Amino acid sequence: MNAFRILIADDHEVARRGVRTLLEDHPGWEVVGEAEDGREAVERAKDLKPDLVLLDIGMPKLNGLDAARQIAENCPLARVLILTMHDSEQVVRDVLAVGARGFLLKSDAGRDLIAAVEALQRHGTFFTSKVAELVLDGYLNPLREAEPVSNNRLTPREREVVQLVAEGKTSKEVAVALNLSVKTAETHRTNIMRKLDLHSVADLTLYAVRNGIVQVF
């Protein structure tokens with residue numbers, strides 16, 4: 001019987017080590033790799049073709065939500081389990097929108113991680129109890145006006161540019177990271193500022209934080 005292959009992505013080494021220890025004690029599971037940022041997670045998923053990817057949301061270079069979206073496109077058979085410290089209704093909607101099959105709060109990982117991975121291994125879903133309540137509430141109140149999702153106005157590429165600029169990268173560094181020309185990177189940046197009616201890098205950084213593209217701990 002083939003092992004169930006897992007990739008762990010989290011920018012905190014201690015968190016990765018703890019998750020790895022929990023998973024490797026389970027019979028039939030194999031942790032085939034680790035990644036410390038979202039961009040590395042996407043590349044490692046392409047190379048390793050894992051059955052399951054555990055993604056933290058708040059990672060540098062490419063956040064977990066955008067990484068999940070790219071992994072779903074590149075590795076459609078891989079199941080995605082999101083681990084995060086945040087459980088707002090907006091975050092839950094964003095996680096569901098990118099096609100993740102599970103959502104687990106880091107505070108619950110010690111108790112629920114094994115059950116969550118087992119559920120996804122069976123092609124099921126798993127949501128932390130509080131998240132399940134939010135999801136159920138959304139179904140029971142379908143006519144309730146949702147909060148505006150301003151970050152949906154950006155394309156996936158624009159979200160990548162926003163994250164890198166908010167993290168302090170220059171246009172040249174953005175171009176290198178995304179394999180673009182410097183002129184194209186600058187054009188993306190100009191278009192984003194105009195689209196969002198922002199006037200400074202500080203405004204753009206605040207937008208990125210408020211919309212979950214980058215996280216401040």
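This section describes the strand order, the nonpolar core and the helix packing of a predicted model.

The sheet is open and comprises 6 strands in the order β2-β1-β3-β4-β5-β6, with parallel pairing. Its edges are formed by β2 and by β6 (126-127), each of which pairs on one side only. Within this arrangement, β3 is joined to β4 by 5 bridges, the two strands running parallel. The bridge partner of Leu55 in β4 is Ile82. On the other side of the order, β4 and β5 also run parallel and are joined by 4 bridges, and Thr84 has Leu105 as its bridge partner in β5.

Strand β4 is largely enclosed by the rest of the structure, because 6 of its 6 residues are buried. Arg79, Leu81 and Leu83 point one way from β4, whereas Val80, Ile82 and Thr84 point the other way. Residues pointing either way are buried, and these include the charged residue Arg79 as well as Thr84.

Helices lie against the sheet. Helix α2 lies across β1, β2 and β3 and runs at about 140° to β2. Helix α3 packs on the sheet through contacts with β3 and β4, and its direction makes about 160° with that of β3.

Strands and helices come together in the largest nonpolar core, which has 28 residues. Those with the most contacts inside this core are Leu55, Ile71, Val80, Ile82, Val95 and Phe103. Two or more residues are contributed by each of the strands β1 (4-9), β2 (29-35), β3 (52-56), β4 (79-84) and β5 (102-105). The helices α2 (38-48), α3 (64-74) and α4 (89-97) likewise give two or more residues each. The surroundings of Leu55 illustrate this arrangement: with residues up to four places away in sequence not counted, Leu55 touches Ala9, Ala41, Gly64, Ala67, Ala68, Ile71, Val80, Leu81, Ile82 and Leu83. Among these contacts, Ile82 is also the bridge partner of Leu55 in β4.

A charged residue of helix α2, Arg39, was also examined. Arg39 counts as buried because its relative accessibility is 18%, the limit for this class being under 20%. Outside the residues up to four places away in sequence, Arg39 touches Lys61, Leu62, Glu160, Leu164, Ala177 and Leu178.

Further along the chain, helix α8 (residues 171-178) packs with α9 at an angle of about 110°, the axes being 8 Å apart. This angle makes α8 roughly perpendicular to α9. Ser171, Lys172, Val174 and Ala175 of α8 meet Val182, Ala185, Glu186 and Arg189 of α9 in this contact. By class, the residues involved are 4 nonpolar, 1 polar and 3 charged.

Helix α9 (residues 182-196) also packs with α10 (residues 201-210), the two axes coming within 11 Å and crossing at roughly 70°. These helices are therefore roughly perpendicular. The contact involves Arg189, Ile192, Met193 and Leu196 of α9, together with Val201, Leu204 and Tyr207 of α10. In this case the classes are 6 nonpolar, no polar and 1 charged. Arg189 takes part in the contact of α9 with α8 and also in that with α10.

Methods. Residues numbered from 1 in each chain as written. Predicted model: local features only at pLDDT ≥ 70, side-chain atom pairs only at ≥ 80, totals over all residues. Heavy atoms only, no water. Core = buried A, V, L, I, M, F, W, Y, C linked by side-chain atoms within 4.5 Å. Buried < 20%, exposed > 50% of the residue type's maximum accessible area, 1.4 Å probe, protein only. Contact = heavy atoms within 4.5 Å. Axes fitted to C-alpha atoms, helices over the stretch in contact; angles between N-to-C directions. Parallel < 35°, antiparallel > 145°, perpendicular 65-115°, else oblique. Pairing = 2+ DSSP bridges.
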